[in-house]
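Reader: I have a chain open on my screen and would love some help finding my way around it. Could we go through it together?

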Amino acid sequence: MITATSSGEPTTALPGEGHGTPGRRTPGGFAGAVACEWTKLWSVRAAFLCLAAGLAVTAVFTFYYASIARINDHAVQPVGNAAAASVVVTQFTVVVLATVAVTSEYATGTMRSSLLWMPRRHRVPAAKALVAGTVAFLAGAVFAVVGTVVAWTAFDGRASFDAATTVGQVLAIAVYQALVAVLTVGVAFAARHPAGALSILVALLWALPSVLLGLGGEALAAVNDALPYGAGDHFVRVGGASPYSSASAVLIVAGWAAAAHATGLYVLRRRDA
């Protein structure tokens, strides 16, 4: 049942509530929007499939990465670098999850209902970004832990382990994945179509960095370092040369996420549902 708060914002009463139980209802405002987005995210199989795919890809990639390092007798490196390297692939499981959370509502027309329930436009993308970012943070941490365990076995002595460094890399990977989810939500609101959103994100997070690094040169490398994945790679890896600090790296990724979120909100306000 839909009721209204004292401020005029709608709120949804839980089954069996509202009649005879005054004051008991699901939260309205932004808290209600977050609760609604959380429920919608887990009501479709896409979320579970994306997370399962992320785990599988992490295990395969880190095993391969560590095995190649062992076979080719690479220098000893922190074991967490295997999980950090796998981010180039696993980030797209987060991208798909966050994209579906937005574009599925445009495809089915339920975005109109979401905007009717939450007329303050900025709260809808903010709630989706918060939910997608939270899930991506937790998923990124799990991916990193699983990848580190698999890699440690496959390295077979060609990796070093330091608890503080490993935990730091796990958290860094989780933070990066969360920022990628926020970035994706913004792009998805701007594109409104899964193909368009995924095309933009694949180009930004993989194709463009690959081309820039493939062509080589200091100028192109500097451009790559300013892109979200280029900065993110410096943030999650340990031991490599970096043109800036880890704090600067995560701020670059956060800046891209904020810009995408602002763009998505602008399009939402201009074109609505």
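Reader: Happy to start with Thr103: which helix is Thr103 found in?
Author: This is a predicted model, so please read everything here in that light. From the N terminus on, the elements run β-β-α-α-β-α-α-α-β-α-α-α-α-α. Thr103 falls within residues 80–108, and that stretch is helix α3.

Reader: Is Thr103 buried or exposed?
Author: Leaving out residues up to four places away in sequence, Thr103 touches Ala188, Arg192, His193 and Pro194. The cut-off for a buried residue is under 20% relative accessible area. Thr103 has a relative accessible area of 4%, so Thr103 is buried.

Reader: Nice! Which helix gives the largest share of the largest nonpolar core?
Author: That core has 57 residues, and Ile173, Tyr176, Leu183, Val185, Phe189, Leu205 and Val236 touch the most other members. The largest share, 13 residues, comes from residues 163–191, which form helix α6.

Reader: And how many residues are in the other core that lies apart from it?
Author: Look for Ala66, Ala82, Ala85 and Ala159, which are among its members. This core, apart from the largest one, has 10 residues.

Reader: Zooming out, what share of the residues of the chain count as buried?
Author: The chain comes to 10 helices and four strands. It exposes about 12,900 Å², with carbon and sulfur atoms supplying 69% of that area. Of its 273 residues, the share that count as buried is 43%.

How values were computed: Residues are numbered from 1 along each chain as its sequence is written. This is a predicted model: local features need pLDDT of at least 70, side-chain atom pairs count only at pLDDT 80 or more; totals for chains, interfaces and linings use all residues. Side-chain values use heavy atoms; hydrogens and water are left out. Helices (H or I, at least four residues) and strands (E, at least two) are DSSP runs, numbered from the N terminus. Buried means under 20% relative accessible area, exposed over 50%, partly exposed in between (1.4 Å probe, protein chains only). Accessible areas come from the Shrake-Rupley method with a 1.4 Å probe; for residues, only the protein chains shown count as cover. Contact means heavy atoms within 4.5 Å. A nonpolar core is a set of buried Ala, Val, Leu, Ile, Met, Phe, Trp, Tyr and Cys residues joined through side-chain atoms within 4.5 Å.
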